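Student: Got a minute to go through the charged contacts in this one with me? Let's pull it up first.

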Amino acid sequence: MPQIPEKIHELTVGQLAARSGAAVSALHFYESKGLISSRRTTGNQRRYHRDALRRVAFVRAAQRVGIPLATIREALAELPEERTPTREDWARLSQAWRSELDERINQLNRLRDHLTDCIGCGCLSLDTCVLSNPDDVFGERQAGSRLMVERGGSRSKQAQS
């Protein structure tokens with residue numbers, strides 16, 4: 001990994017990619033989504049402040065645990081512009097995301113535990129079918145086989161006639 005001298009306060013997109021481990025295309029995407037920012041040189045080249053390294057690391061860490069980019073952008077928007085997220089920032093923001101992550105973990109555990117119960121029949125009304133119909137929501141409306149027809153569109157409706 002190339003070392004960047006401390007006296008250099010701006011990075012090219014290639015330097016930022018090399019240091020952060022993110023692809024250049026990912027950095028451009030992050031910038032388009034307002035997660036990082038750059039300035040343009042007179043030659044129209046991007047230059048990123050060194051703080052972008054910490055912001056990219058913050059974004060990638062949040063993504064790894066399943067936080068959507070929109071939520072990450074909202075969190076970064078709470079920080080003063082160009083300020084590097086600190087350990088305290090991460091602790092505060094990650095605490096706010098904890099209940100959402102706990103719920104996802106619980107849902108994935110339920111899916112895993114009931115995976116062998118599902119035979120992929122498409123019934124959508126079994127009260128134990130946590131894959132297609134958590135808590136048997138569709139079963140309260142009608143039997144599942146009719147839902148398959150309902151979802152099938154005009155071809156399936158013709159088959160009913």
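**Salt bridges and one helix**

Student: Before we start, what kind of model is this?
Tutor: It's a predicted model, where local features need pLDDT of at least 70, side-chain atom pairs count only at pLDDT 80 or more, and totals for chains, interfaces and linings use all residues. Residues are numbered from 1 along each chain as its sequence is written, and side-chain values use heavy atoms, with hydrogens and water left out.

Student: Ok, how many salt bridges does a search of the whole structure find?
Tutor: Five. A salt bridge here is a side-chain nitrogen of Lys or Arg within 4 Å of a carboxyl oxygen of Asp or Glu.

Student: What does R39 form a salt bridge with?
Tutor: With E10; their closest N and O atoms are 2.6 Å apart. R39 lies in strand β2 (residues 39-40) and E10 in strand β1 (residues 10-11), so the pair ties together parts that are 29 residues apart in sequence. Strands (E, at least two residues) and helices (H or I, at least four) are DSSP runs, numbered from the N terminus.

Student: And is R39 buried or exposed?
Tutor: In between: R39 is partly exposed, at 39% relative accessible area. E10 is partly exposed too, at 29%. The cut-offs are under 20% relative accessible area for buried and over 50% for exposed, with partly exposed in between (1.4 Å probe, protein chains only).

Student: Which side chain meets R46?
Tutor: That of E31, in a salt bridge of 2.9 Å, N to O. R46 lies in strand β3 (residues 46-49) and E31 in helix α2 (residues 24-32), so this pair ties together parts 15 residues apart in sequence. R46 is partly exposed at 21%, while E31 is buried at 19%.

Student: What about E78, which residues is it linked with in a network?
Tutor: D89 and R92, through salt bridges. For E78 and R92, the closest N and O atoms are 3.0 Å apart. E78 lies in the loop between α4 (69-77) and α5 (87-114) and R92 in helix α5, so the pair ties together parts that are 14 residues apart in sequence. E78 is exposed at 52%, and R92 is partly exposed at 42%.

Student: Switching topic: how far apart are the end C-alpha atoms of helix α3?
Tutor: 20 Å, which agrees with the 20 Å that its 14 residues (51-64) should span at 1.5 Å a residue. The expected span is 1.5 Å times one less than the number of residues.

Student: Which residues in α3 are buried?
Tutor: D51, A52, L53, R55, V56, F58, V59 and A62.

Student: And what follows α3?
Tutor: G66, with a positive phi near 90 degrees.
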